[in-house]
Amino acid sequence: MQLWNNKFSNNDLEALHTFEKKVKAGKGDSVEVYFTDISTARSIFKDIISKQQAKNIIADSSGLTRSFLEESLLDESLNIYFDGDKYTANAADIGVSEMEFAIAESGSLVELSDSIWKRLVSAMPSLHIALVCADRIAKDFETAFEILKKHILDVAQISFITGPSITADIERVLTIGVHGPSKLVVFFIKENKQ
Amino acid sequence: MNTKEFKEKINEKLNDEIQKKNLTKFYEDYPKARQKAFEGYDFEQLRNSVKNIKQNTVDKLEELADKFQKAVEKNGAVFYRAVSDKDVVDYILKLCKEKDVKLVVKSKSMLSEEVELAQHFKEAGIESQETDLGEWIIQIAKHKPSHMVMPAIHLNRQQVADYFEKQLGKNMKPDIEFLVHTARAELREKCLKADLGISGCNIAVAENGAMFILTNEGNGRLTSSLPKTHIVLVGYEKLVESFEDAIPILRILPRNATAQTLTSYVNIILGPSQAIVEHTDGTFSIEKKELHVILVDHGRIEMARDPIFKELYQCIRCSACTNVCPVYALVGGHVFGNIYTGGIGALLNAFIGSSQTANQIQNLCITCGSCTQVCSGSIDIPNLIIEMRKKNIEKEGLPTIPKVVFQNIISNRSLFHNMLKLARLGQKSFKNGQFIRNLPLYFSKYTKDRSLPAIADVPFRDIFDTILQKPAKNQEKIAFFSGCLIDFVYPETGEAVVKSLNALGFSVEFPKDQTCCGTPMYLTGDKESAKKVAMQNLEALESIDPDYIVIACPTGVEMWEKYPQFFRDDPKYLQLAQKYKNRIREYSSFVDEQLNKQNIKLNSLKNNGIATYHDSCHLKRVLGIHTQPRDIIAKAFNTNFVEMEHADQCCGMAGSYSLKFPEISKELGDQKHKSIIKSTANLVYVGCPACMLQIKGLIDKKGGNVKVMHIAQLVNEALKENK
């Protein structure tokens, strides 16, 4: 099921800029944000894979994610898992999953994570690739909560993801990647208008 | 802890160079970062929303708790209400037994600290693992959290490396990134193996049972996702009525806690989701998760029913109060607090923690009011601390010395004033110029770092009649209420007040029957003695029925404004107290208003040198007066007026505080002294005689070519040649 309600759809560049500014604030280069079509996103992803020397990828099985991974699935040097146990998730280098929508005000991604696997995809690997349909940016919390409230009874868990896993527990020095990803790459995928 | 041990602990912490360094840096960095985080938001409006949301929680507590229970059960979770700390522990241990739990992973929960869960797990032979990095560090160091948001802020990387080395039996280098990654590997293993996850909860929504968990590290997601069973600990104060009530909390909590827009992760749990269960044959299955929600009372219901302390429900544990507390910055959360840290910690402990500790640590609050400026829920922490002191006095009575002083001496005006006059004679052998440099007995520590002023040879009350006043242009009659310090220590300030007000066209009277305003008694909780002097003062003023009562001491103003509270059952005095409450004027704001209204120019005092201004805590944060004195100084000094660093940080005086905790007072005094010297000013103006006492003493003891004066002395001098 989907949370997003089309009445909120927009192609608001200002909202996108706010999102980018907020999600990156104070986190250095641990967050990357792209606003692009799916084929460009795939090629950026390819570069990331080779740079990271990634072997194991875990992913949710949404249509957008599967389509995004089309080319990677043909690459025999990669193991891509659409489900598995905790240890499979733990061993992965990269997690790829679709986010329901984004919130500009706070720079957050809203993950509908009833599925335990989907949650592990964004929580366990060192690198998380988040895919969002480009027109799904809610302006602020009020809008986001209006969307969420309509569907609240159908979902057991929702997460707002706002950057990588960080800590400042030792001498208040910001350190990235303590429990979850040390890098978050967000792709806003523009629809291909043919 | 007895008083002696407590004092030793304070000294130990004051000398803990590592903690001091970490806390000082944070204390310096935080205000700027916080301000930046709130850009584009109206903080006052946000915190007003939080306040209203939580007041609603208090008003409808039982109703919301029932609603929450119904929603949680409807969502498919098991719900349990725990009355005591023992209930919480028993429930969890019983569940562990049923599920044959061997390893528990915990994400941060103050409530679990409050009920000492870790200790109980240990006794039951169950391994429990903190997953928040800071919590894990203090777990292996066997410390208590020293800060609510950053529990290990008292340690540095070397110490953490040493603790890790001891715990893991591996060589560690004091490199933060390395340490964090070591923790990641270690804690990941535990999360994968754990049978049970426990977490706290920041917001619990009554209408739909949603529970919000905010973390930066992502450990909240792992502990709620990986183990088959998850327990959420929810305090009653976390309840809010509607889902949207979470919005202002999400906006204010991360900004106030760590100057972030939002924590990296916000988990909203609405019911049991799925769990992955591995089987011994290597296969796995997806099963329904078991979710338990424990709603915990442990003193919270009593807190909601208390007409005064129910305000504590407005606390969302952001710890901004602690982050700006000058005393916390000096001694840290192991002295100033117990699990819940700082002034708010003392208050919370009185209800939901260790009440004995609460009584001890509340004394450390210097009531400077810095915390009230940043509190997410608009809680007046210093005022609640004073209420708590009063409550304790009602319960246990005053200690002997203040009791004798307050009830037998100060509340008898002629005796009190005669004693002060006698004290002037008694001080002769200790006196050196304007200061007493050494005093016997327990005063000795007090004078070690700051000279005490000498009691003036002639008190202001005996000087007043010798002041020649010009005929008034203005019909309105002013009575000057001096307060004890101006009367007996700084009569020259009193003179300046009267002469400057006269120069502004007023005739000033000084009703001789006025006495102590009552602050010392009120602050220590002796309401009866405070009431007695209030009656004397009201009668003294009524004899001349002035249009304004001008007071050049912020605590005096505050006290007068509180007089009506004393006479709720006494219509005669209540009417008087209310009448005069409206006629009280604080000196500097009154003068600034008159200068502007009458369009009077001050003469330039630029030739006197460079002037700076120290904000009194009470003048700035309680009365909200800080622009007016600056306006006055700027009028006389123009470009020769400079701001010192941290102008509004407490000077360390705080009435009898400097007697109770001379060590802390000294540290704050040192900092103020440094700021003054650094400002290059040779004149420091203040609007508060108590601050004047402290700062004059600091300069006398620590040196510096600086003159400290009350702002009235500036006004008087700058109006003189206008004659």
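This note walks through a predicted model of two chains, starting with the contact between them and moving on to the sheets.

1. Some ground rules first. The model is predicted, so local features need pLDDT of at least 70 and side-chain atom pairs count only at pLDDT 80 or more, while totals for chains, interfaces and linings use all residues. Residues are numbered from 1 along each chain as its sequence is written, chains are lettered from A and ligands numbered from 1 in the order in which they are written, and side-chain values use heavy atoms, with hydrogens and water left out.

2. A good place to begin is the interface. Chain A brings 54 residues to the contact and chain B brings 69 residues, where contact means heavy atoms within 4.5 Å. Between them the chains bury about 5400 Å², with 57% of it on carbon and sulfur atoms; buried area is the accessible area (1.4 Å probe) that two parts lose on being put together, summed over both. On the side of chain A, the most area is lost by A:Ile170, A:Arg172 and A:His179, together 15% of what that side buries.

3. Next come the polar links. Eight salt bridges cross the interface of chain A and chain B, each being a side-chain nitrogen of Lys or Arg within 4 Å of a carboxyl oxygen of Asp or Glu. One of them joins A:Glu171 to B:Arg157, with the closest N and O atoms 2.8 Å apart. There are also 35 residue pairs in polar contact between the chains, both residues at pLDDT 80 or more. A polar contact is a pair of N or O atoms within 3.5 Å; within protein, one must be able to donate a hydrogen and the other to accept it, and residues adjacent in sequence count only if both atoms are side-chain atoms.

4. Which element gives the most to the side of chain A that touches chain B? That is α5(A), with six residues. Helices (H or I, at least four residues) and strands (E, at least two) are DSSP runs, numbered from the N terminus.

5. One sheet is shared by both chains. This open sheet of eight strands has the order β8(A)-β5(A)-β6(A)-β9(A)-β9(B)-β6(B)-β5(B)-β8(B), with mixed pairing; two strands pair if DSSP finds at least two bridges between them. At its edges stand β8 (137-138) of chain A and β8 (239-240) of chain B, each with a single partner strand, so one side of each has no neighbour in the sheet.

6. Where do the chains join within this sheet? β9(A) and strand β9 (residues 265-269) of chain B run antiparallel and are joined by five bridges, with A:Ser159 opposite B:Asn267. Within chain A, three bridges link strand β5 (residues 101-103) to β6(A), again antiparallel, and A:Ile103 has A:Ser108 as its bridge partner.

7. Helices lie across these strands too. α5(A) lies across β6 and β9 of chain A, at about 150° to β6(A). Helix α12 (residues 246-258) of chain B lies across β9 of chain A together with β5, β6, β8 and β9 of chain B, at about 15° to β6(B). Axes are lines fitted to C-alpha atoms, for helices over the stretch in contact, and angles run from 0 to 180 degrees between N-to-C directions.

8. Chain A also has an open sheet of six strands, in the order β1-β12-β7-β4-β2-β3, with parallel pairing. Its edge strands are β1 (31-37) and β3 (79-81). Strand β2 (residues 56-59) runs parallel to β3(A) over three bridges, where A:Asn56 is partnered by A:Asn79. Helix α1 (residues 13-24) lies across β1 and β12 of chain A, at about 155° to β1(A).

9. Finally, chain B holds a hairpin formed by β10(B) and β11(B), with five residues between them. In its turn, B:Gly282 has a positive phi of about 95°.
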